[in-house]
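The questions and answers below are meant for someone meeting this structure for the first time. Please look at the sequence and the structure, and then read on.

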Amino acid sequence: MTQNPAEIAVAFVEAFARKDIDTLSGYFAADVVFESPKVQLAGAEAVTEAMGQFAQAVLSIDIIAAFGDDEHAIVMYDMKTGPFGTLRAADHFVIKDGKIVSDQLVFDTHELRKFEAAQAAQ
């Protein structure tokens, strides 16, 4: 059964929420590009490693909405984390041949910056 880009994007976000790094990495094209407010990475290995590390802070994800066409998908979700509280995020994916070639993650960095400042003050 072939999944459309929105279904692939939702399955990817759900795998991230479960910390299922093997499944998550299977969605990446070898030359995937990832961009977030904190980091820009290229290549499946680097992106998988970074996401695996960040996933350790994630307690759960509640998907708000997912939309897509034949090559793009956007998923909006609330990501509950231990150290940062809840982060509302939106991911824009470009998907070709069933693989994620680009993932642009957007979220408000206020809670992360607040956490980092508290850590630096200790």
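Q: How much surface does the protein chain expose, and what percentage of it do carbon and sulfur atoms supply?
A: The model is a predicted one, and the values given here are computed from it. The protein chain exposes about 6800 Å². Of this exposed surface, the share supplied by carbon and sulfur atoms is 53%.

Q: In what pattern do the helices and strands of the protein chain follow one another along the sequence?
A: The protein chain contains 4 helices and 6 strands. Read along the sequence, these elements give the pattern α-α-β-β-α-β-β-β-β-α.

Q: What radius of gyration does the protein chain have, against that of a compact globule with 122 residues?
A: The C-alpha atoms fill a box of roughly 50 × 30 × 20 Å, taken along the principal axes. For 122 residues, a compact globule would have a radius of gyration near 14 Å, and the protein chain agrees with this because its own value is 14 Å.

Q: What percentage of the contacts with a separation of 6 or more joins residues 24 or more positions apart?
A: Burial gives a first view of the packing, as 39% of the 122 residues of the protein chain count as buried. The contacts give a second view, since among those with a separation of 6 or more, the share from residues 24 or more positions apart is 45%.

Q: How far apart do the centres of the positive and negative side chains lie?
A: The protein chain carries 9 positive and 19 negative side chains. When the centre of each set is taken, the two centres lie apart by 8 Å.

Q: Which element gives the largest share of the largest nonpolar core?
A: This core has 34 residues, and those that touch the most other members are Phe12, Phe28, Phe93 and Ile100. Two or more residues come from each of several elements, among them helix 1, strand 1 (28-35), helix 3 (44-55) and strand 3 (58-68). The largest share, 9 residues, is given by helix 1.

Q: Which residues does Phe28 touch, leaving aside those up to four places away in sequence?
A: Phe28 is one of the core members that touch the most other members. With residues up to four places away in sequence not counted, Phe28 touches Phe12, Ala44, Val47, Thr48, Met51, Lys99 and Ile100.

Q: Is Lys19 buried, partly exposed or exposed?
A: Lys19 lies in the loop between helix 1 (5-17) and helix 2 (21-26), and it has a positive phi of about 60° although it is not a glycine. Its relative accessibility is 31%, and therefore Lys19 counts as partly exposed.

Q: Is Asp97 buried or exposed?
A: Asp97 is placed in the loop between strand 5 (85-96) and strand 6 (99-107). Although Asp97 is not a glycine, it has a positive phi of about 55°. The relative accessible area of Asp97 is 82%, so this residue is exposed.

Q: What distance separates the C-alpha atoms of Leu59 and Lys19?
A: Leu59 is found in strand 3, where it counts as exposed because its relative accessibility is 62%. Not counting residues up to four places away in sequence, Leu59 touches Lys80, Thr81 and Gly82. Leu59 and Lys19 are 40 residues apart along the chain, and their C-alpha atoms are separated by 9.5 Å.

Q: Is Ala73 buried or exposed?
A: Ala73 has its place in strand 4. Leaving out residues up to four places away in sequence, it touches Pro5, Ala6, Ala9, Phe67, Gly68, Asp91, His92 and Phe93. The relative accessibility of Ala73 is 1%, and so this residue counts as buried.

Q: What distance separates the C-alpha atoms of Ile63 and Asp103?
A: Ile63 lies in strand 3 and is partly exposed, because its relative accessible area is 31%. Among the residues that Ile63 touches, not counting those up to four places away in sequence, are Val10, Val13 and Tyr77. Ile63 and Asp103 are 40 residues apart along the chain, and the distance between their C-alpha atoms is 16 Å.

Notes: Residues numbered from 1 in each chain as written. Predicted model: local features only at pLDDT ≥ 70, side-chain atom pairs only at ≥ 80, totals over all residues. Heavy atoms only, no water. Rg over C-alpha atoms; globule rule 2.2 N^0.38 Å. Buried < 20%, exposed > 50% of the residue type's maximum accessible area, 1.4 Å probe, protein only. Contact = heavy atoms within 4.5 Å. Areas by Shrake-Rupley, 256 points an atom, 1.4 Å probe, with all protein chains shown as cover. Lys, Arg positive; Asp, Glu negative; His and termini not counted. Charge placed at Lys NZ, Arg CZ, Asp CG, Glu CD. Core = buried A, V, L, I, M, F, W, Y, C linked by side-chain atoms within 4.5 Å.
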